[in-house]
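Colleague: I would like to learn how to read a model of this kind, going from the overall division of the chain down to single residues. Could you take me through it step by step?

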Amino acid sequence: MKISDCAAILQTSHRDQRVLQAQDVELTDLTQNTKEVKPGCCFVAIKGVHFDGHEHIQEVVDAGAKLVIVERPVEFNGDAVVVTVPNTYKALAQLSTRFFGDPSRQLTMFGVTGTNGKTTITHLIDQIMEDHGVQTGIIGTMYSKVGTKKLPAVNTTPEPLTAQRTLSEMVAANDQACAMEVSSIALVQGRAWGIDFDTVVFTNLTEDHLDYHKTFENYFDAKALLFSQLGNSYHVGEKTKSAVINIDDPHGKRLLEKTAANILTYGAKGEGILQAKNIQVTNKDTKFDLQIYDETYPVQLKLMGNFNVYNALAAFGACYEQGLEPAEIITSLESVKGVRGRFQVVPNEKDVTVIVDYAHTPDGLENVLSTINAFAKQRVFCVVGCGGDRETTKRPIMGNIAVQHSTDAVLTSDNPRTEDPEKILDQVVAELKPGTFTRMTDRRAAINFALGEAKAGDVVLIAGKGHEDYQIIGTVKHHFDDVEVVNDFYKQEK
Ligand SMILES: CC(=O)N[C@H]1[C@@H](OP(=O)(O)OP(=O)(O)OC[C@H]2O[C@@H](n3ccc(=O)[nH]c3=O)[C@H](O)[C@@H]2O)O[C@H](CO)[C@@H](O)[C@@H]1O[C@H](C)C(=O)N[C@@H](C)C(=O)N[C@H](CCC(=O)O)C(=O)O
Ligand SMILES: Nc1ncnc2c1ncn2[C@@H]1O[C@H](COP(=O)(O)OP(=O)(O)OP(=O)(O)O)[C@@H](O)[C@H]1O
Ligand SMILES: N[C@H](CCC[C@H](N)C(=O)O)C(=O)O
Ligand SMILES: [Mg+2]
């Protein structure tokens with residue numbers, strides 16, 4: 001890609017004399033990170049919360065950047081070409097998309113949004129597509145899967161450059177499809193700009209991230225962007241676009257009018273083109289009848305919980321929209337054993353049902369506990385906390401849910417980050433009566449306490465951190481893995 005190509009993409013060539021007069025060199029790379037500038041590259045200045053690329057232009061020009069994209073005037077000495085745009089984040093998305101050869105257009109792109117279920121659904125889609133012979137990549141909370149390699153993830157949805165680079169690596173690794181989690185924060189920031197989704201999925205909308213979005217309406221508007229930005233499917237020769245929407249969620253209903261694409265609605269309350277009926281949740285499996293238009297199929301999932309019926313419907317709907325046969329999709333769904341850190345049962349010799357789960361929102365926690373209560377015959381321990389530097393309103397709500405839906409709530413720390421763990425816990429227990437819960441700030445001690453108290457036949461839910469293998473205290477990431485802590489406890493007991 002040359003300087004003139006970039007200018008054309010950003011539509012500045014016809015008015016920017018500096019671009020017209022510059023030597024039109026081939027750019028070696030594209031980056032928004034001052035630490036990754038290579039001689040001959042294009043640098044895009046992004047203003048973040050902690051760092052502003054505009055304040056480091058001299059540094060990047062000295063390091064050899066030949067084209068610099070900014071959104072406000074900058075001064076420096078050197079011969080780099082400067083292009084000013086209204087929004088450098090958008091420019092980054094536009095340039096990355098072209099720089100990496102528009103990879104999303106070469107993949108069947110699934111985008112999944114909603115408060116809960118995204119990671120689960122992307123993994124279900126991956127399994128179904130792979131079983132169908134379609135090699136599929138994943139972008140999401142736990143990692144990016146490219147070919148057979150798993151790469152670490154910083155965000156659930158990466159910024160545009162990483163997203164496009166990862167998608168291009170998928171194309172190079174012969175992936176034919178990609179299942180991508182698209183968070184609300186990413187949608188607001190424009191991290192998904194430049195990605196041409198084919199089928200998008202809405203799971204649900206409940207309380208989370210209100211620290212970021214401020215109001216629930218803003219949070220809904222953010223999720224709605226995935227649907228309103230989905231291209232329509234009216235053009236000859238183009239793939240059909242579709243939206244798979246949970247109609248049981250009132251916000252799903254509101255989304256119906258936000259998209260120009262085809263819609264497949266799903267639900268378990270009597271509405272939807274795709275429906276689950278006669279749901280039976282046990283402590284081993286989940287059975288239901290899946291109805292699509294006027295055909296009905298029996299389904300037996302190894303995944304537990306009513307909420308996983310919704311996740312299965314969402315994944316079914318997405319793959320159905322891509323032309324897969326119902327019976328084939330169901331065979332794959334039935335084979336899925338589970339997703340790491342999502343209702344993950346940790347085996348032990350004490351006959352205690354220990355479950356590690358990523359429920360970190362009020363709705364997630366309530367769903368997991370009601371699934372447990374449907375089969376639990378004795379005490380249910382719930383070890384849970386709330387993350388620091390994240391929304392505070394959910395804290396007392398989660399404290400209440402833990403106490404109301406378990407027999408023994410053990411309230412502890414999640415990732416305190418830069419907040420004081422005691423202050424977070426003060427908020428979690430703010431509305432609780434003394435004596436109705438145990439408070440133990442140290443997460444390992446809290447887990448050990450619950451496991452020590454639990455007798456054969458009891459259930460211990462350890463919620464909030466799921467697959468995470470770290471605990472962030474201050475700005476330091478310490479190794480911490482709920483499953484490992486459980487295994488350590490039982491090893492020491494022997
Ligand atoms: C609030 C927020 O969205 N923050 C994101 C933002 O960070 P930031 O604004 O602090 O960035 P910054 O450090 O100021 O850097 C700004 C720019 O300068 C560049 N830079 C930075 C340092 C340097 O030395 N040189 C340099 O050039 C950076 O590459 C960046 O382009 O940009 C970063 C890079 O893209 C993100 O990793 C970061 O996510 C942080 C880690 C985060 O915690 N985000 C959460 C709120 C989030 O996005 N969560 C959602 C939802 C999760 C879910 O529900 O699953 C997600 O999608 O992950
Ligand atoms: N459809 C659902 N409805 C409500 N709760 C769910 C649903 N699916 C999963 N959960 C609960 O939410 C937790 C997180 O699930 P999952 O990781 O699939 O969601 P996510 O949307 O990817 O979350 P994140 O926003 O953190 O990436 C699970 O461990 C489970 O407790
Ligand atoms: N994607 C979510 C995950 C929260 C997980 C929980 N363990 C926490 O740290 O609060 C976030 O970053 O807000
Ligand atoms: Mg996720």
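Modeller: What follows is a conversation about domains, sheets and ligand surroundings, with each term explained where it comes up. This is a predicted model, in which local features need pLDDT of at least 70 and side-chain atom pairs count only at pLDDT 80 or more, while totals for chains, interfaces and linings use all residues. Residues are numbered from 1 along each chain as its sequence is written, and chains are lettered from A and ligands numbered from 1 in the order in which they are written.

Colleague: Into which domains is the protein chain divided?

Modeller: Domain bounds come from an automatic or database domain assignment. Here the chain is split into domain 1 (3–99), domain 2 (103–335) and domain 3 (344–493). The centres of domain 2 and domain 3, taken over C-alpha atoms, are 28 Å apart. Their contact (C-beta atoms, placed from the backbone, within 7 Å) takes 16 residues from domain 2 and 16 residues from domain 3. On the domain 2 side, α8 (210–213) and α11 each supply at least two residues; helices are DSSP runs of H or I with at least four residues, strands are runs of E with at least two, and both are numbered from the N terminus.

Colleague: How should I read a sheet, and which strands stand at the edges of the one with four strands?

Modeller: Strands of a sheet pair through backbone hydrogen bonds, either parallel or antiparallel. Two strands count as paired if DSSP finds at least two bridges between them. The open sheet of four strands runs in the order β1-β2-β3-β4 with parallel pairing. β1 (30–31) and β4 (81–84) each have a single partner strand, so one side of each is left without a neighbour in the sheet. Strand β3 (residues 67–70) is joined to β4 by four bridges, and Val-70 has Thr-84 as its bridge partner in β4.

Colleague: With which strands does β10 pair in the parallel sense?

Modeller: Strand β5 (residues 108–113) pairs with β10 over four bridges, and strand β11 (residues 242–246) also pairs with β10 over four bridges. Thr-199 of β10 is the bridge partner of Phe-110 and stands opposite Ser-242 in β11. In β10 (residues 199–202), Thr-199 and Val-201 point one way, Val-200 and Phe-202 point the other way, and all are buried. A residue is buried if 20 or more other C-beta atoms, placed from the backbone, lie within 10 Å of its own, exposed if 12 or fewer, and partly exposed in between.

Colleague: Where does ligand 2 lie with respect to the domains?

Modeller: A residue is near a molecule if its C-beta atom, placed from the backbone, lies within 6 Å of it. Of the 22 residues around ligand 2, Gly-117, Lys-118, Thr-119, Ala-359 and Gly-364 come nearest. Domain 2 and domain 3 both contribute residues to this shell, so ligand 2 lies between them. The element that gives the most is α13, with four residues.

Colleague: Which residues surround ligand 3, and is Gly-464 buried or exposed?

Modeller: The shell around ligand 3 includes His-360, Arg-390, Asp-414, Gly-464 and Glu-468. Gly-464, in the loop between β21 (459–463) and β22 (470–473), is buried because 26 other C-beta atoms lie within 10 Å. Arg-390, in the loop between β18 (380–384) and α14 (394–405), is partly exposed, with 19. An unreviewed UniProt entry lists both Arg-390 and Gly-464 under "binding site", although such annotations, given in the numbering used here with shortened feature names, may be inferred rather than shown by experiment.

Conventions. Contact = placed C-beta atoms within 7 Å.
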